[in-house]
Amino acid sequence: QVQLVESGGGLVQAGGSLRLSCAASGSIFRINAMGWHRQAPGKQRELVASVTSSGRMTYISSAGGRFTISRDNAKNTVYLQMANLKPEDTAVYYCAATSTIWLSNPDYWGQGTQVTVSS
């Protein structure tokens, strides 16, 4: 099994920045892609950003260059740096991991961390 523990959420004003972190433990040899999904109230969960073990990155189109995902394989940790945050970025952000390169349907989930952007 793989355990994912997130940190770094919170309340920020529009235009501000936050960095989310997610540390993986357990059977980490199973992991290829890691990244983040989010779910806003009344909306479906969506994939925000992912990075494979080889460094291939993908982003949701609405990130618009505001989000940067990175990964420290030595620490088994993935980060999401979010800048110029907008109220529509408000959501619960879930760390996710999978044994494939595609994070659209993860094998593992974190517990979620709330990000609230005030206008």
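Start by selecting S9 together with strand S11, residues 113-118: the two pair in the antiparallel sense over three bridges. Keep in mind as you click around that this is a predicted model.

**Stop 1: around S9**

Within that pairing, pick valine 92 and look across to S11, where its bridge partner is glutamine 114. Now add strand S10, residues 108-109, which also pairs with S9 in the antiparallel sense, this time over two bridges. The residue to click here is alanine 97, whose bridge partner in S10 is tyrosine 108.

Next, bring in S4. It runs antiparallel to S9, and six bridges join the two strands. For a landmark, select tryptophan 36 and find cysteine 95 of S9 standing opposite.

While S9 is still highlighted, switch on a surface for everything else. How many of the seven residues of S9 are buried? Six of them are, so the strand is largely enclosed by the rest of the structure.

**Stop 2: the open sheet**

Clear the selection and pick S1, S3, S8 and S7. These four strands form an open sheet in exactly that order, with antiparallel pairing. Its edge strands are S1 (2-7) and S7, each of which pairs on one side only. Turn the view to look across the strands: the twist averages 15 degrees from one strand to the next. If you show side chains here, remember that in a regular strand they alternate between the two faces of the sheet.

Walk across the sheet from the S1 edge. S1 pairs with strand S3 (residues 18-26) in the antiparallel sense, over six bridges. Click glutamate 6 and you'll find cysteine 22 of S3 opposite.

One step further, S3 pairs with S8, again antiparallel and over six bridges. The pair to label is alanine 23 and threonine 77, the latter in S8, which stand opposite each other.

The last step takes you to S7, which is antiparallel to S8 and joined to it by six bridges. Here serine 70 stands opposite tyrosine 79 of S8. Follow the chain between these two strands and you get a hairpin with four residues in between. Stop at asparagine 76 in the turn, which has a positive phi of about 55 degrees.

Before leaving, give S8 the surface treatment you gave S9. Five of its six residues are buried, so S8 too is largely enclosed by the rest of the structure.

**Stop 3: the salt bridges**

Side chains of opposite charge can pair when their charged atoms come close. The count in this model comes to three salt bridges.

Select arginine 38 and glutamate 46 for one of them: their side chains meet at 2.8 Å, N to O. Which partner is buried, and which is partly exposed? Arginine 38 is buried, with a relative accessible area of 6%, while glutamate 46 counts as partly exposed at 31%.

Keep arginine 38 selected and add aspartate 89. These two side chains form a salt bridge as well, at 3.0 Å, N to O. The pair links distant parts of the chain: arginine 38 sits in strand S4 (residues 34-39), and aspartate 89 lies 51 residues away in the loop between strand S8 (77-82) and strand S9 (91-97). Aspartate 89 counts as buried, at 1% relative accessibility.

Now swap to arginine 66, whose side chain meets that of aspartate 89 at 2.7 Å, N to O. Arginine 66 is in the loop between strand S6 (57-59) and strand S7 (67-72), and aspartate 89 is in the S8 to S9 loop, so the pair ties together parts that are 23 residues apart in sequence. At 10% relative accessibility, arginine 66 counts as buried.

Show Arg38, Glu46, Arg66 and Asp89 all at once: salt bridges that share partners join them into one network.

**Stop 4: the cavity**

For the finish, run your cavity display. The structure holds one cavity of 30 Å³ or more, and its volume is about 30 Å³. What lines the largest cavity? Select Ser50, Thr52, Arg56, Thr58, Ile101 and Trp102 to see the lining. Colour these residues by type and they divide into two nonpolar, three polar and one charged.

Terms used. Residues are numbered from 1 along each chain as its sequence is written. This is a predicted model: local features need pLDDT of at least 70, side-chain atom pairs count only at pLDDT 80 or more; totals for chains, interfaces and linings use all residues. Side-chain values use heavy atoms; hydrogens and water are left out. On a 1 Å grid over the protein atoms alone, a cavity is a set of points where a 1.4 Å probe fits but cannot get out, and a pocket is an open set with protein on both sides within 12 Å along at least five of seven lines; lining residues have an atom within 4 Å of a point. Grid points are joined across faces, edges and corners, and a volume is the space filled by probe spheres set on the points. Ala, Val, Leu, Ile, Met, Phe, Trp, Tyr, Cys and Pro count as nonpolar, Asp, Glu, Lys and Arg as charged, and the others, Gly among them, as polar. A salt bridge is a side-chain nitrogen of Lys or Arg within 4 Å of a carboxyl oxygen of Asp or Glu. Buried means under 20% relative accessible area, exposed over 50%, partly exposed in between (1.4 Å probe, protein chains only). Two strands pair if DSSP finds at least two bridges between them. Axes are lines fitted to C-alpha atoms, for helices over the stretch in contact, and angles run from 0 to 180 degrees between N-to-C directions.
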